[in-house]
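Reader: Please take one part of this structure and go through it closely. I would like to follow the charged side chains and see where they lead.

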Amino acid sequence: MTGEEKRALKYGMAFISPWIVGFASFLLLPMVLSLYYSFCDYSVLNPPAFLGGQNYQELVHDEVFWVSLYNTFYFALFALPLGTLTALFLALLLNSNIRFLGFFRTVFFLPSLVPLVALAILWQDILHTEYGIVNELLGVIGLGPFDWLGDPALAKPGLVLTTMWIVGNPVVIYLAGLQDVPRALYEAARIDGATKMQETAYITLPMISPVIYFNLIMGCIGVLQIFALPYVMTGGGPARSTLFYSMYLFDQAFAYLNMGYACAMAWILFGMIAVLTYSAHLLTNRFVVYGGS
Amino acid sequence: MKDYTPYIIVAILILGISALFIPRDLDDMTDDGRVKIRYWEKWTGFEKDAMEAIVDKYNASQDKVYVEFISTSQIDRKLLLATAGGNPPDIAGFWSHAMVSYAEKGVLYPLDSLMERDGLSRDDYVPSIINTCVYRDFVWGLPATPATVALHYNKDSFREAGLDPEKPPTTIEEFDRYARLMTKVGEDGNYTHMGFVPNDPGWWDQFWGVWFGAKLLSDDGKELLCNSPENVRAFEWYRSYVTNYDSEKVRFFSSAHRGQFASSSNSFMSGRVAMKQQGVWMANFIEKFGDGMDWAAAPFPSASYVTGGPATIVETDMLVIPRGSRHVEEAWDFIKFVQKQENIEELCLLQKKFSPRKEVSEGFYEKHPNPYIRMFRALAESPNAQAVPKTPVWIEYRDELGVAQERLWVTPPDKLSVKDALDRVKERMQPKLDLMNERWEAIGQQRLEEWSNL
């Protein structure tokens, strides 16, 4: 390293040092501590007492833990693919050449700007049994009315429906990806007589595959941690049908004061997300096309 | 020459960041030399305004202490974290139902020695009310305002059904009959009005046993009694409001009013449900949202075999001193001020509740805006007034009972019996209680000594 490089390195380190300090004290240290607490009986107020693997053993036998896990994966299984398809579909529509394009793009992004709690309360009304608009619309085609948030069989689908409302962020990312597809490819395809559908299937989708991949991974992490919407809309009910993993974790930590148990749950969630993300990476990698490679 | 610039940058940045973490109020004095203490209170709206008036009165009454009043949401969680972080407020407005687990975990400061020193006694208060502030024979807070619950009913609905509005039902059996009479079906076959819906608003779903002579916890605190015959009977009664009616339509009707408490769409105030179990505070909401409705309140009827007086649930909003408060003496001085008969009655009048003190001044009831205030107070004095069970697993036990209740509400009786649902609650919660009791046996003596010496 030359003297100039050393100097640059020193300056660089100096400027990022607040971040390093912040990272170490607010992320790294709490993570390490939470790993330790997950092996302890810890109520936040009394000093932690070491238990070994007891929290993890108890979790395996905790019926509610499995219920919350089942609910979370059930939710993820529907919310993630549906969310991805909706976002992609909207992005493709918003990428076409129509009048008032800017207006439409804004409209579809707006719900993502609404605070989650406000959105949750709004959707409580939208799904309301008596005067909710969803039941009104279904009534027109002779269906329902349904007790969306009060029936254990419908509460999770009701929440999946609600999350479809906030696809604005992935839509924006898809749009950016779509704008990046070289026009020349479409022109070449058109000369060869390709239809719109063929263009989408053989050019658009492969070209934005890294974006789809990114959104899938982020979406996967997001749905497994779902908290605010069900917390406000159903509080986990009825009869625990919408008690998701993060909510049970929160209750253990802050309502029942079992912080050690909650830490163990947090690490299991971390492990699951890591494994799922890595599997997604292995599985989808062959379908992802990078323009630069 | 050596270049020190990077080191200077680092130093400035670190100093700047650490400045953010210097507690704002290390300096606990006001400009005019008073000790400043912080008081966190959960109330909002007119209840907050009422307490603020008392705080102002206290601040004006002397020149040694200044109480800084802060209205905050989620007081339990914030208090827990602030105490754990070593910087709690000096006084907090707390709930009696959460007191036990917080006292046992060491969040609160026992007030017995201070009370004794300054001549305050448990005997000054209505026994059922001060009892909500006591755990393991220590007083963990003193009442701000107490509350009991009672039957509220719509007199017009009584008249329409040919019932005498001056004669509320006196037994559960009569109550059920009245409820049926006031239930109406619309042209589309759905219920338009119901006499009663037991899970609306769902605040005491776990407690219906109180009106059936049941308890949720044994007197020694060692056994959960949720599946006792009396509780099973109470839960059967609760469920009869789905099974004895058109189940699906009742569920629909009740879910239409979910989360509509403080609004004119509230099932009771909109006239769609004729009878309701509600607290002493309900009069305020009826005044605000009831559009001049003609209502009355009476003790909620018990099962005919229950003797000894009307049943109710007692709850107390209490003032506590968190452990780690830097100004225990000053905080205590304020609590003492609130406890003075004159001040606590002023607070209770402003909040439209009854006084927790045994002695009540002349004219208090005459001045009171709630015409049924004497009845609410009499309920607190009834031998069948019950408080939340005093066990450190209460919050989880309550949630578990709530889940059982929801399951019973949505599952047909041939798929799930009341006894099975309640047995399941006991199976899940009893081991947790046993564990807590074992722990107490190991450290209890040490804790009691520690508390006595505080």
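Author: B:Lys249 is partly exposed, because its relative accessibility is 27%, between the cut-offs of 20% and 50%. In this predicted model, the side chain of B:Lys249 forms a salt bridge with that of B:Asp246, with N and O 3.6 Å apart. B:Asp246 also counts as partly exposed, at 34% relative accessibility.

A second pair lies in another setting. B:Asp317 and B:Lys353 meet through their side chains in a salt bridge of 3.7 Å, N to O. This pair links distant parts of the chain, 36 residues apart. B:Asp317 belongs to strand E11 (residues 311–320) of chain B, while B:Lys353 is in the loop between helix H13 (341–350) and helix H14 (364–367) of that chain. Both B:Asp317 and B:Lys353 are buried.

A third pair is B:Asp399 with B:Arg398, whose side chains form a salt bridge at 3.4 Å, N to O. B:Asp399 is partly exposed at 23% relative accessibility, and B:Arg398 is partly exposed at 25%. Some salt bridges share partners: B:Glu41, B:Lys42, B:Glu47, B:Asp317 and B:Lys353 are joined in this way into one network. Over all chains, the structure has 42 salt bridges. Side chains of opposite charge can pair when their charged atoms come close.

Salt bridges also cross from one chain to the other. Between chain B and chain A there are 5 of them. One of these joins A:Asp62 to B:Arg428, whose closest N and O atoms are 2.9 Å apart. Across the interface of the two chains, 11 residue pairs are in polar contact, with both residues at pLDDT 80 or more. On the side of chain B that touches chain A, the elements giving two or more residues are helix H1 (5–20), helix H3 (75–84), helix H10 (247–255), helix H16 (394–410) and helix H17 (418–452) of chain B. That side of chain B is made up of 17 nonpolar, 5 polar and 15 charged residues.

The contact involves 37 residues of chain B and 40 residues of chain A. Together the two chains bury about 3,300 Å² between them, and carbon and sulfur atoms give 59% of this area. Within chain B, the residues that lose the most area to chain A are B:Arg77, B:Lys105 and B:Phe252, which together account for 18% of what that side buries.

Disulfides do not enter the picture: there are 0 over all chains. A:Cys263 is in no disulfide, and the nearest cysteine sulfur, that of A:Cys40, is 8.9 Å away. A:Cys263 is buried, at 9% relative accessibility. B:Cys133 is in no disulfide either, with the nearest cysteine sulfur, that of B:Cys348, 12 Å away. B:Cys133 is buried too, its relative accessibility being 0%.

A contact without a charged pair can be followed inside chain A. A:Thr204, in helix H10 (residues 196–207) of chain A, is buried with a relative accessible area of 5%. Its side chain makes a polar contact of 2.8 Å with the side chain of A:Tyr186. Leaving aside residues up to four places away in sequence, A:Thr204 touches A:Leu92, A:Leu178, A:Tyr186 and A:Glu199.

Definitions and conventions. Residues are numbered from 1 along each chain as its sequence is written. Chains are lettered from A and ligands numbered from 1 in the order in which they are written. This is a predicted model: local features need pLDDT of at least 70, side-chain atom pairs count only at pLDDT 80 or more; totals for chains, interfaces and linings use all residues. Side-chain values use heavy atoms; hydrogens and water are left out. Contact means heavy atoms within 4.5 Å. Buried area is the accessible area (1.4 Å probe) that two parts lose on being put together, summed over both. A salt bridge is a side-chain nitrogen of Lys or Arg within 4 Å of a carboxyl oxygen of Asp or Glu. A polar contact is a pair of N or O atoms within 3.5 Å; within protein, one must be able to donate a hydrogen and the other to accept it, and residues adjacent in sequence count only if both atoms are side-chain atoms. Helices (H or I, at least four residues) and strands (E, at least two) are DSSP runs, numbered from the N terminus. Ala, Val, Leu, Ile, Met, Phe, Trp, Tyr, Cys and Pro count as nonpolar, Asp, Glu, Lys and Arg as charged, and the others, Gly among them, as polar. A disulfide is a pair of cysteine sulfur atoms within 2.5 Å. Buried means under 20% relative accessible area, exposed over 50%, partly exposed in between (1.4 Å probe, protein chains only).
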